[in-house]
Amino acid sequence: MRAIVAITCALALAAAAGAVVAAGQQPAAPVSGQQAAQPPEAFPIWPEGVPGAIKNGGPETLDQGLVRNVHEPSLTPYLPPPGRANGTAVIVCPGGGYTVLAIDKEGRAVADWLNTLGISAFVLKYRLKEYGHPAPLRDVLRAVRLLRSDAAKWSIQPDRIGVIGFSAGGHLAASAATMFDAPEGRTGAPLDRLSARPDFAILVYPVIVFTGPYSHAGSRRALIGETPAPGLAESLSLDMRVTKDTPPAFLVHGGTDTAVPPENSALFYLALRKAGVPAELHNYERGIHGFGLQPGHGPVSSWPQRCADWLQGSGLFTYGTPRR
Amino acid sequence: MRIASMCLCFAALAAVLHAQGGLPGGIPLWPEGVPGAIAGGGPEVVADGRVSNVHDPALLPFPAPEGRRSGTAVIVCPGGGYNRLAIEKEGVVTARWLNSLGVSAFILKYRLKEYGHPAPLRDVLRAVRLLRAEPARWGISADRIGVLGFSAGGHLAASAGTLFDDPDGKTGAALDAVSARPDFLVLVYPVIRLAGPHTHSGSGRSLLGANVTPELLERYSPDSRVTNQTPPSFLAHGGSDASVPPENSALFYLALRRAGVPAELHLYREGTHGIGLEPNHGPMSDWPGRCAEWLRARNLL
């Protein structure tokens with residue numbers, strides 16, 4: 001049986017050799033398929049009603065790739081071409097300072113890249129400054145629970161559900177990784193009994209700290225206001241929340257990031273190390289805030305290759321993804 | 001002519017290293033006499049690609065191939081806990097790789113525990129001064145001299161990057177007038193902390209002695225000596241390094257950032273101590289690729 005699987009895998013590898021991502025190269029462009037012809041459809045993450053919904057909050061807007069005024073948090077599935085899925089799923093948290101969502105360059109583009117790795121991607125539209133804490137946390141934790149609950153439906157493994165986040169979305173992803181069991185993440189729904197712990201976290205120029213010289217004031221203001229309750233800013237400085245149960249993490253940051261200094265990533269890395277959690281960090285000398293997956297930013301633009309290497313080393317992806 | 005003959009001489013170094021006996025002498029760092037030389041220290045020992053009991057510090061030149069010289073030079077400091085030098089795995093192999101990038105390499109054979117501080121520091125700073133004093137002789141640019149070090153050699157490289165102006169590094173020689181500041185640093189699983197947690201106690205003992213004070217250990221932990229004059233640095237470290245934890249690199253990086261010095265840090269999930277340039281250690285085996293990208297982005301290639 002084992003031998004047959006091995007042979008099948010070997011054949012699949014050989015067949016997929018043309019699509020194998022060679023080390024040092026960017027992954028191939030996504031295979032155009034149904035998803036290109038027909039945009040994927042978002043589904044609401046709170047079908048029973050959004051907890052703490054604001055009435056008459058006005059319409060959500062989308063302008064130049066930026067979503068604003070989110071009142072109906074949702075997941076948009078981007079699935080690899082049939083036969084290419086490897087069972088790993090990633091919830092994508094775009095950045096935008098908890099004020100907007102860069103849903104195109106830190107959402108769709110990320111999902112397309114993950115699909116080239118055989119990873120199923122779900123772009124999270126989470127609530128923003130109109131709600132503040134804990135609405136975004138609730139949204140991301142509900143997203144993990146929902147996917148874990150419907151793993152069979154999406155053909156994903158319930159123990160291979162990760163989060164990726166950029167900037168403030170990195171704060172949200174790191175919040176999921178450290179506060180998955182926090183009471184404020186629960187709403188009394190039956191789904192609360194499912195674990196909301198992500199199995200891994202990928203943090204790209206993340207906001208981590210809300211206090212001290214490396215804090216991103218804008219994200220903090222949008223999430224907890226100008227005059228937060230005593231201790232709240234500290235409690236959302238996520239390096240302080242790391243435990244041995246925090247999932248393995250991959251971090252990348254640019255040294256010319258003047259919005260969110262790369263110390264944010266370094267401090268989270270040190271906290272993970274202290275807790276004995278496997279971690280990887282790539283802080284490039286250059287790299288401004290918001291490089292996303294764009295080429296042309298110098299060495300940092302090859303971070304998706306570092307991330308794919310890490311995913312492979314973590315058993316979440318294999319170069320030349322075998323067909324299942 | 002001289003370079004060519006040296007080139008021939010050191011091409012055979014790897015083979016020589018396997019044989020018993022002494023290394024080729026290279027360029028003596030202290031033609032005027034080694035400062036603080038120990039008389040009757042016994043012979044240098046070369047075994048299994050490692051050198052110990054160094055009394056005649058030297059530079060072993062590996063010039064970049066003619067026609068594709070970038071003018072960049074790198075002084076390579078092999079590791080070995082200030083007890084010995086992994087001169088093949090972290091020296092010769094590194095030099096060959098640098099040559100493939102058009103970079104001239106100079107392996108530093110520095111003094112070790114037989115001397116302790118400040119002898120290794122003096123050796124590395126003299127090496128920078130020696131190259132900078134005669135760039136034309138070596139076909140290099142005087143403002144493109146870097147120092148690369150592994151493990152304890154990383155400690156020495158980081159010491160050069162932070163203590164280049166230290167009185168300890170001067171001997172009263174005429175060459176003291178030449179700047180010993182490296183133009184860049186490459187630190188691979190470096191020992192940075194000699195005090196507190198994350199320490200590599202063996203290196204601290206060999207460098208500073210067994211009865212050293214915590215204050216002195218802190219003083220020779222290079223992250224505590226970073227200033228805005230410390231050169232731009234590239235760091236790589238593996239997460240499964242049980243002997244020198246990657247916090248050493250992270251803390252040096254944070255110190256560089258605080259001082260406003262450009263820095264790049266690659267901390268891999270896996271990667272044990274002493275992998276050098278070996279393949280098959282997972283993603284960390286790609287660190288030379290990251291380093292080449294960094295050098296290129298800094299216009300050093």
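These legends go with a set of close-up views of a predicted model that includes chains A and B.

**View 1. Chain A at a glance.** Start with the whole of chain A, which works out to 10 helices and 11 strands. Of its 324 residues, 50% come out as buried. If you look at contacts between residues at least 6 apart in sequence, 76% of them join residues at least 24 apart.

**View 2. Where chain B touches chain A.** Here 21 residues of chain B are in contact with 21 residues of chain A. On the chain B side, α9 (247-258), β11 (263-268) and α10 (287-297) each put in at least two residues. The largest share belongs to β11(B), with six residues. Sorted by class, this side of chain B has 11 nonpolar, four polar and six charged residues.

**View 3. Strand to strand across the two chains.** Zoom in on β11 of chain A (residues 279-284) and β11(B): the two run antiparallel and are joined by three bridges. To find your place, look for A:L281, which stands opposite B:L267 in β11(B).

**View 4. Strand β10 of chain B, wrapped up on both faces.** How many of the six residues of β10(B) (residues 233-238) are buried? Six of the six are, so the strand is largely enclosed by the rest of the structure. In a regular strand, side chains alternate between the two faces of the sheet. On one side of β10(B) sit B:S233, B:L235 and B:H237, on the other B:F234, B:A236 and B:G238, and all of them are buried.

**View 5. The strands that pair with β10 of chain B.** Strand β9 of chain B (residues 184-188) pairs with β10(B) in the parallel sense over four bridges. In that pairing, B:V186 stands opposite B:F234. Strand β11(B) also pairs with β10(B) in the parallel sense, this time over six bridges. The residue pair to look for there is B:A236, opposite B:H266 in β11(B). This is the β11(B) that also supplies six residues to the side of chain B touching chain A.

**View 6. Two helices crossing in chain A.** Helix α4 (residues 135-149) and helix α6 (residues 168-178) of chain A pack at about 65 degrees, with their axes 9 Å apart. The crossing of α4(A) past α6(A) is right-handed. Which residues of α4(A) meet α6(A)? They are A:P136, A:L137, A:V140, A:L141 and A:V144, and the α6(A) residues they meet are A:L172, A:S175 and A:A176. That contact has seven nonpolar residues, one polar and no charged ones.

**View 7. Inside the largest nonpolar core.** This core has 178 residues, and those with the most contacts inside it are A:V92, A:V140, B:F106, B:I107 and B:V124. You've met A:V140 already, as one of the α4(A) residues in the helix crossing. For a closer look at B:F106, skip its neighbours within four places in sequence: B:F106 is then in contact with B:L59, B:L60, B:P61, B:A73, B:I75, B:V76, B:A127 and B:L131.

**View 8. A proline in helix α5 of chain B.** B:P135 is found in α5(B), which covers residues 135-138. Is B:P135 buried or partly exposed? It counts as partly exposed because it has 16 C-beta neighbours inside 10 Å, while a buried residue needs 20 or more. Leaving aside neighbours within four places in sequence, B:P135 is in contact with B:I140, B:S141 and B:A142. Also in this view is B:G71, 64 residues from B:P135 in sequence but 9.0 Å from it in space, C-alpha to C-alpha.

Note on methods. Residues numbered from 1 in each chain as written. Chains lettered and ligands numbered in written order. Predicted model: local features only at pLDDT ≥ 70, side-chain atom pairs only at ≥ 80, totals over all residues. Buried ≥ 20, exposed ≤ 12 C-beta atoms within 10 Å, placed from the backbone. Contact = placed C-beta atoms within 7 Å. Nonpolar A, V, L, I, M, F, W, Y, C, P; charged D, E, K, R; others polar. Pairing = 2+ DSSP bridges. Axes fitted to C-alpha atoms, helices over the stretch in contact; angles between N-to-C directions. Left-handed = near helix turned anticlockwise from the far one by under 90°. Core = buried A, V, L, I, M, F, W, Y, C linked by C-beta atoms within 7 Å.
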